[in-house]
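Biologist: Could you take a close look at one part of this model for me? I would like to hear how one buried arginine sits among the strands around it.

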Amino acid sequence: MPDSIADLVEAPESGDASTSLYQRILNDIRDRIVSGEWEPGYRIPFEHELTEEYGCSRMTVNKALSQLAKAGLIERRRRSGSFVRRPQSQAAVLEIHDIRIEVEALGLPYRYELISQLKRRAGAADRDRLGAGVSGQLLALKCRHYAGARPFCTEDRLINLAAVPEAADEEFLETAPGPWLIGQVPWSAAEHVIRAAAADAEIASDLGLAAGAPCLVIERRTWSAERPVTHVRFTYPANAHAVVARFTPSDS
């Protein structure tokens, strides 16, 4: 199934009548949205209206609308219908996911382990990671996430206790820091840095890899009202992970 607006355009039609109708509905609605004929907030005809218009089953219409919603062109609201979404700025965006969801999406059991936890005063290296304005106490955490019996990734996180003082009293034995933070403080901005790295001795041991094995490193920094909240570094075995970013059309 297509996951982007470009895929909606390029998806081939087959000789099957229902597939051709599905693609026709997709293309018609997409063209009206992209051309501006249907502006943000416009209510798309109800499923039964589209069923009558195209002379097809409601299942075909539902499939087309679901794919348009997945591509970010429309928003489906329970009992209200489907509406054209307001365009967002064109950028490669990595969403902030719960690692538990990533693992369970693979059909594997998830397990989380806290390796170390230390409260200390921020040093120069910490300020490089969190932000120059951080000078007080922080919480340094190292964790490991599992997919089944194998390590999925390691997590090296700093939390600015001036922004989230409650973290100082949290044990993080049952709940990973990421979902806990999302429930405690709203973030207003996030930055991702993605790079390749060779596993050093510590990472190799934590992930069950050979020293020097290729790894994918994702670093994320978040802010709340311009105050640094956390910096986290996730390290994954490179042969088992990929980064996917979705693009949405800009207002211009």
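Modeller: Happy to; here is a walk through the sheet, the arginine in it, and then the other sheet for context. Please keep in mind that this is a predicted model.

Let's start with the frame. Six strands make an open sheet with antiparallel pairing, ordered β4-β5-β6-β9-β8-β7. At its edges lie β4 (110–121) and β7 (189–198), each of which pairs on one side only. On average, and ignoring direction, neighbouring strands here are turned by 15° against each other.

Your arginine is Arg144, found in strand β5, which spans residues 137–147. Is Arg144 buried or exposed? Its relative accessible area is 13%, and buried means under 20%, so Arg144 counts as buried. Two polar partners can be named for its side chain. One is the side chain of Tyr146, joined to that of Arg144 by a polar contact of 3.0 Å. The other is the backbone oxygen of Asp206, which lies 3.2 Å from a polar atom of the Arg144 side chain.

Now for the wider surroundings. Setting aside neighbours within four places in sequence, the residues in contact with Arg144 include Arg111, Tyr112, Glu113 and Ile115, along with Pro151, Cys153 and Thr154, and also Ser205 and Asp206. Thr154 leads us onward through the sheet: its bridge partner in β9 is Thr235. The strands concerned, β6 (residues 150–160) and β9 (residues 227–237), pair in the antiparallel sense over six bridges. Across β4, β5, β6 and β9 lies helix α7 (residues 177–184), running at about 40° to β6.

For context, the model also has an open sheet of three strands, in the order β1-β3-β2 and again with antiparallel pairing. Its edge strands are β1 (43–44) and β2 (74–77). Two bridges join β1 to β3 (residues 81–84), and Ile44 stands opposite Ser82 in β3. This sheet has a helix packed on it as well: α4 (residues 58–70) touches β1, β2 and β3, and its direction makes about 120° with that of β2. From first C-alpha to last, the 13 residues of α4 reach 18 Å, close to the 18 Å expected at 1.5 Å a residue. Its buried residues are Thr60, Val61, Ala64, Leu65, Gln67 and Leu68. They sit on the same side of α4, because they cover an arc of only 160° around the axis. Just after α4, Gly72 takes a positive phi of about 85°.

Key. Residues numbered from 1 in each chain as written. Predicted model: local features only at pLDDT ≥ 70, side-chain atom pairs only at ≥ 80, totals over all residues. Heavy atoms only, no water. Pairing = 2+ DSSP bridges. Helix = DSSP H or I, 4+ residues; strand = E, 2+ residues; numbered from the N terminus. Contact = heavy atoms within 4.5 Å. Axes fitted to C-alpha atoms, helices over the stretch in contact; angles between N-to-C directions. Expected span 1.5 Å × (residues − 1). Buried < 20%, exposed > 50% of the residue type's maximum accessible area, 1.4 Å probe, protein only. Arc of directions from axis to C-beta. Polar contact = N/O pair within 3.5 Å; in protein donor to acceptor, adjacent residues only side chain to side chain.
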